[in-house]
Amino acid sequence: MKEYVNPWDYAPHILKIINDGILLTTKADGQVDTMVIGWGTMGVQWKKPIFMVFVRQSRHTKALLDKNPEFTVNIPLDKIDKEILRVAGTMSGRDVDKVKELGLTLVPGETVSVPAIKELPLTIECKVIYKQDQDLSMLEESCRTRCYKPGTKDENDFHTAYYGLITGAYILKD
C-alpha cells in the first residue's frame, strides 16, 4: 500500500539524512541497480519541482540512468540499515545484484519504470529533464581537492548532475 505525500513536507528530513546516505535506484535493460548517494538536493528549477542527484562517471548506475532517464530516491524514515549502506555503497552493480544480495523488496513505481524499495519506504519518483557533466575547472579549489583528490582514482572521476522532475512521492506501508 502507498500513502501519497507531498515531498516538500519531507524535505527537512531528506536533506538531514542524505548526509548519512540514501539510495538512488535505476533500471534499464531489465536490471535494477541501487547505490548510496550522499549528494543531492530538492528545489525548484524552471518552475518545476526537482530532485537533483550527482553520480560519478565510473558508476554502473550512471550507465543505466543514461539508458533510462528515470530514477527513484529511496529514503528511510529513521536511520538506514548499515548493511544496506555497506553493500549498496561499496559494491558495483556490474558485479553484484545488490537488490538480491540485500534481500530488498521491490515495489513497482507509479509514474516511472523504476521500482521503490520497501525497506526504505519514503520514495521520490523522478524523470530526468536535464543533465550536466561537472566542469571541475569551475569548482572552488578546496572542494576540488577534497572530492577529487589529486593522485587518486577519484581525480578524474567527476560527477554528472541529474535534474529529476519529481513525478510522485509516497511512503510504502505494509
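Let me begin with His159, which, once we set aside its neighbours within four places in sequence, is in contact with Trp39, Phe54, Val55, Arg56, Gln57, Gln132, Asp133, Gln134 and Tyr148. Please keep in mind throughout that this is a predicted model.

His159 belongs to strand E10, and one of the residues on that contact list, Tyr148, also meets it through a polar contact between the two side chains, at 2.6 Å. Is His159 buried or exposed? With a relative accessible area of 6%, His159 counts as buried, because the cut-off for that word is under 20%.

From there I would like to turn to the nonpolar interior. The largest nonpolar core holds 25 residues, and those touching the most other members are Ile22, Phe51, Val53, Phe71, Val73, Ile75 and Ile124. At least two residues of this core come from each of helix H1 (11–17) and the strands E2 (22–28), E3 (31–37), E5 (48–56), E6 (70–75), E9 (122–133) and E10 (159–172). If we look at Ile22 and again leave aside neighbours within four places in sequence, its contacts are Ile17, Met35, Val36, Ile37, Phe51, Val73, Asn74, Ile75 and Pro76. Apart from this core lies another, made of eleven residues, including Leu23, Ile84, Val99 and Ile117. As general background, nonpolar side chains in soluble globular proteins tend to be buried together.

Finally, there is helix H2, covering residues 60–67, in which His60, Thr61, Lys62, Leu64 and Leu65 are buried. Which elements do the buried residues of H2 pack against? They pack against strands E2, E3, E5, E6, E9 and E10.

Technical notes: Residues numbered from 1 in each chain as written. Predicted model: local features only at pLDDT ≥ 70, side-chain atom pairs only at ≥ 80, totals over all residues. Heavy atoms only, no water. Core = buried A, V, L, I, M, F, W, Y, C linked by side-chain atoms within 4.5 Å. Buried < 20%, exposed > 50% of the residue type's maximum accessible area, 1.4 Å probe, protein only. Helix = DSSP H or I, 4+ residues; strand = E, 2+ residues; numbered from the N terminus. Contact = heavy atoms within 4.5 Å. Polar contact = N/O pair within 3.5 Å; in protein donor to acceptor, adjacent residues only side chain to side chain.
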